[in-house]
Amino acid sequence: MDIAAVLAGTLASDATTRDAATQQLESAAAQNFAAYVTLLSAELVNEQSQPHVRNAAGLALKNAFTSRDETRQNEVTARWLNVPGEYRAKVKTDSLRALSSSTSRAGAVAAQVVAAIAAIELPNNQWDDLITDLLGAVNGGDLNTRVATLQCIGFICESISPEILKLRSNEILTAVVQGARRDEPSPEVQLAAMKALYNCLEFIKENFDREVQVAAFETLVRIMSLYYDKMSYYMERALFGLTVLGMNHPDERVALQAVEFWSTVCEEEIDLAIEAADMSTQAQEYGDAPERESKYFAKVALPEIIPVILRLLTRQEEDAEEDEWNISMAAGTCLTLLSQAVGDSIVSFVIPFIESNIKSPDWHNREAAVMTFGSILDGPDPQLLAPLVTQALSLLIDMMRDPNTHVKDTTAWTLGRICDILVATINPETHLDPLVRSLVAALEDSPRIVTNASWALMTLSDQINDGADDLQTGHLSPYYDGVVTALMGVTERTSNEANSRTAAYEALASYITHAPVDVLGVVRQVVVTILGRMETLLGLANQLLGVDDRNNWNELQGNFCSIVSCVTRKLGSDIQPLADRIMTLVLQLIQIAGKQSTVLEDAFLVVGNMASALEQNFHPYLQAFLPFLAPALKAHDDPQLCSVATGLIGDICRALGELSTAYCDMFMTVLLENLTSPHLDKMVKISIVACFGDIAMAIGPSFEPYLGATMAVLRQAGEQKVDAKDYETFDYYSQLREALLEAYTGIVTGLKSTDKSKRCIPEVAPFDITSEALLLDHIPSIFKFLQLVYDDDHSETVLKQCAGLIGDLAETFPDGQLKEVLLQDWVASLVKTKIRNPDVKKTLRWAREVCHSLCCLPVSKILLDDQTSYPVT
């Protein structure tokens with residue numbers, strides 16, 4: 001029998017040919033089964049045969065060993081076991097060899113054949129060397145061999161009881177996990193290993209090798225992050241129970257990975273909820289449907305995993321290091337993510353635990369109860385949480401005096417979470433005084449508690465006045481002097497253990513930023529003290545010994561600069577009496593800091609804030625500063641510094657206005673050179689593009705010499721197409737387009753005041769055009785870019801920028817030169833967009849009104865005022 005021809009016949013499109021070939025195979029199997037399967041295995045392993053024929057041979061071979069009917073399967077098993085040994089050996093050898101086929105389809109079907117034979121022989125204590133052979137192929141084979149062998153192992157583990165394989169389970173799991181590791185170079189091997197691991201889940205439960213269990217759970221975490229959409233079957237089948245067992249495991253390494261699994265589930269479902277909310281808005285506007293949907297694994301598993309998580313919270317270590325990751329920390333993180341993922345559902349599960357443990361004599365239980373309360377504040381409806389927080393606040397404030405450091409530390413963190421998320425529950429009449437006093441007192445405690453107390457004070461300042469910064473007085477005004485004095489005391493400490501000193505500086509910056517008018521005297525005292533510290537520290541620059549001293553010096557100078565910047569922004573032009581002193585110290589700092597120091601960025605930000613505050617009064621300091629600015633603009637190996645320096649040009653030009661014209665040759669030359677540099681980070685180039693708009697807006701008509709070169713650069717950048725599927729570049733091009741819109745807006749605004757902007761374009765009125773490159777010559781490219789952006793992106797930010805630019809252009813040419821351009825359908829569609837954001841809606845309405853008023857002009861008004869200079873052709 002020509003087995004290849006018969007197998008090809010089973011694949012024929014003609015039913016008669018197909019049925020005849022199938023009948024031939026069945027007859028051959030009935031007449032001489034041993035010869036039949038030997039013929040099939042020989043065709044399967046034949047590299048000269050056609051792939052579809054080999055695939056058919058493999059499927060026929062597999063079907064010869066399997067049946068869904070139990071009675072029939074018993075008959076099939078007996079038939080194979082009665083085949084003479086030499087025939088069975090030939091079939092098994094051929095099938096194993098086919099795993100290494102250069103044709104992946106043949107390897108995949110061979111994996112099924114080997115697994116089908118294994119399902120018969122292994123339970124009958126035969127083919128003892130199979131697992132050894134497979135593991136050897138996984139560890140030492142080529143790419144196709146490893147992929148097919150891992151597939152085979154997965155099929156075997158799926159079809160055979162773990163009891164039969166338990167003596168080899170360590171080796172099997174080790175091989176599978178090794179293939180699924182992140183550092184495996186082949187994605188094909190990784191995928192095959194991950195799929196195989198699905199079928200090895202029972203081994204994880206039974207396995208007694210801790211290293212293998214840890215590695216298996218690590219791989220499950222990765223599988224969940226990569227294949228969330230495909231996990232429903234496996235979650236229901238085994239993973240719910242398996243991960244609960246893992247979290248209860250006595251080996252903390254295993255428990256940590258099992259907890260991490262549920263943290264990963266929650267992170268996926270939080271992201272999906274955000275995507276669903278975004279898509280809901282888009283669905284209303286464009287009819288889009290979400291590509292992925294949440295399976296709500298966390299909500300389904302809540303009754304099973306919450307009791308375990310809460311119990312793990314009580315496994316704190318008395319002397320745990322701050323940066324040591326342990327099971328109670330992992331459980332706290334998981335609980336926070338669970339709260340965000342499931343929302344209101346979590347509250348009823350945790351409240352009994354909090355109530356029964358928050359006054360426990362065992363500090364482990366008290367700390368766990370407070371941690372639980374703090375962890376669920378983000379996720380559930382604030383209206384559901386508000387009465388619980390109001391009820392608990394007094395107790396939590398009292399717990400800031402708890403004798404145990406861990407309890408106080410977690411309580412300070414929880415109070416900070418309340419201030420940050422549910423500040424409305426803090427009654428200024430009853431809660432504010434004891435709350436502030438308890439947090440200020442905690443600034444005298446251990447560094448970890450100081451860090452969290454500082455953070456709580458900062459969030460209280462950030463949130464209590466709803467972010468308003470220009471109040472005459474505020475709820476915290478009576479406490480400003482005491483809080484600021486206490487924070488300044490922390491910042492004087494020589495140690496920054498647990499980042500306590502840094503946290504105090506950050507809190508101080510918040511109190512300065514949000515200071516009401518009636519406490520500005522406190523703010524002025526702070527900056528005078530900080531400037532004194534800067535002077536002292538600058539005097540110690542030559543006495544620094546080693547890297548630690550230099551790092552500490554840099555960190556302190558960075559903190560000083562941060563406070564000076566905050567005060568400068570707060571006081572505005574009132575900083576003038578201190579301007580000489582500040583600029584002198586900052587220029588000294590820049591000179592001493594060195595080229596690579598991160599302090600340079602902080603110092604440059606101070607200069608930018610001083611320019612914004614002093615405006616044209618900053619001019620006397622510019623000449624002294626420019627020698628330091630130029631090298632920073634050329635620091636292509638330090639993109640962050642180069643970006644800050646680029647932004648500083650914008651700050652200076654906005655501050656000085658027309659006075660900056662004298663420096664623009666230098667600024668524009670450097671910026672245009674940087675844009676063409678192949679070595680400069682592309683994100684810095686976005687800053688440069690936006691900076692063009694700042695310069696043009698500042699110097700107005702004086703930007704004309706740079707207009708041609710600038711518009712050519714902007715046009716070229718704007719012609720780049722965005723591939724929404726290329727996630728690596730999509731964000732970059734989105735930011736670039738926003739910067740281009742800013743640049744165009746700045747240029748148009750700057751040139752509004754000059755008649756030189758009002759040339760004509762052929763599409764509107766066919767006048768003779770001079771060679772002078774002026775704004776109107778660039779209208780076609782600007783509107784082409786606007787249309788391109790609008791077609792790709794309907795986000796609120798882009799809509800507002802596009803509408804604003806269209807409105808500015810329309811106002812720049814009030815005589816109707818842009819009428820034909822503004823009458824395009826896409827322009828009308830853009831300015832008529834319906835949106836809820838009131839700020840964007842206001843811009844759209846303004847642009848719509850401007851366009852409408854211009855498009856209603858009579859045709860005669862489209863002509864330019866100086867008609868004799870540009871006769872109609």
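Helices in this briefing are DSSP runs of at least four residues, numbered from the N terminus. The structure described is a predicted model. The points below concern a histidine in a loop, the nonpolar core, aromatic rings and a pocket.

**Histidine 431**

- Histidine 431 lies in the loop that connects α22 (405-421) with α23 (432-442).
- Its relative accessibility is 8%, and because buried means under 20%, histidine 431 counts as buried.
- Apart from neighbours within four places in sequence, histidine 431 is in contact with Thr390, Leu393, Ser394, Ile397, Thr425 and Ile426.

**The largest nonpolar core**

- In soluble globular proteins, nonpolar side chains tend to be buried together.
- The largest nonpolar core of this model contains 302 residues.
- The members that touch the most other members are Phe65, Leu460, Phe604, Phe618, Leu629, Ile695 and Phe783.
- Leucine 460 touches Cys419, Val423, Ile426, Leu432, Leu435, Val436, Leu476 and Tyr511, when residues up to four places away in sequence are not counted.
- Ile426 is thus among the residues touched by leucine 460, and Ile426 is also in contact with histidine 431.

**Aromatic rings**

- The whole structure holds 14 aromatic pairs.
- One of these pairs joins phenylalanine 33 and tyrosine 36, whose ring centres are 6.5 Å apart; with 40° between the planes, the pair is tilted.
- Phenylalanine 33 and tyrosine 36 are separated by about one helical turn, because they are three residues apart in helix α3 (residues 33-45).
- Phenylalanine 33 and tyrosine 36 are both buried.
- Phe240, Phe261 and Trp262 form a cluster linked by ring pairs.

**Charges over rings**

- Phenylalanine 33 has a further partner: the charged end of arginine 79 sits over its ring, 3.9 Å from the ring centre.
- At tryptophan 553, the charged end of arginine 550 sits over the ring, at 5.1 Å from the centre.

**The second largest pocket**

- Rolling a probe the size of a water molecule over the atoms shows where empty space is left.
- The second largest pocket has a volume of about 610 Å³.
- The pocket is lined by 25 residues, of which Met329, Met371, Asp409, Thr410 and Arg448 are the closest to its centre.
- Four helices, α18 (327-342), α20 (363-375), α22 and α24 (447-463), each supply at least two residues of this lining.
- Helix α18 provides the largest share of the lining, five residues.
- Helix α22 therefore appears twice in this briefing, because it supplies lining residues of the pocket and, as a DSSP run, borders the loop that holds histidine 431.

Methods. Residues numbered from 1 in each chain as written. Predicted model: local features only at pLDDT ≥ 70, side-chain atom pairs only at ≥ 80, totals over all residues. Heavy atoms only, no water. Core = buried A, V, L, I, M, F, W, Y, C linked by side-chain atoms within 4.5 Å. Buried < 20%, exposed > 50% of the residue type's maximum accessible area, 1.4 Å probe, protein only. Contact = heavy atoms within 4.5 Å. Phe/Tyr/Trp six-rings, centres within 6.5 Å; stacked < 30°, edge-to-face > 60°. Lys NZ or Arg CZ within 6 Å of the ring centre and 35° of its normal. 1 Å grid on protein atoms, 1.4 Å probe; cavity = no way out; pocket = protein on both sides within 12 Å on 5 of 7 lines; lining within 4 Å. Points joined across faces, edges and corners; volume = space filled by probe spheres on them.
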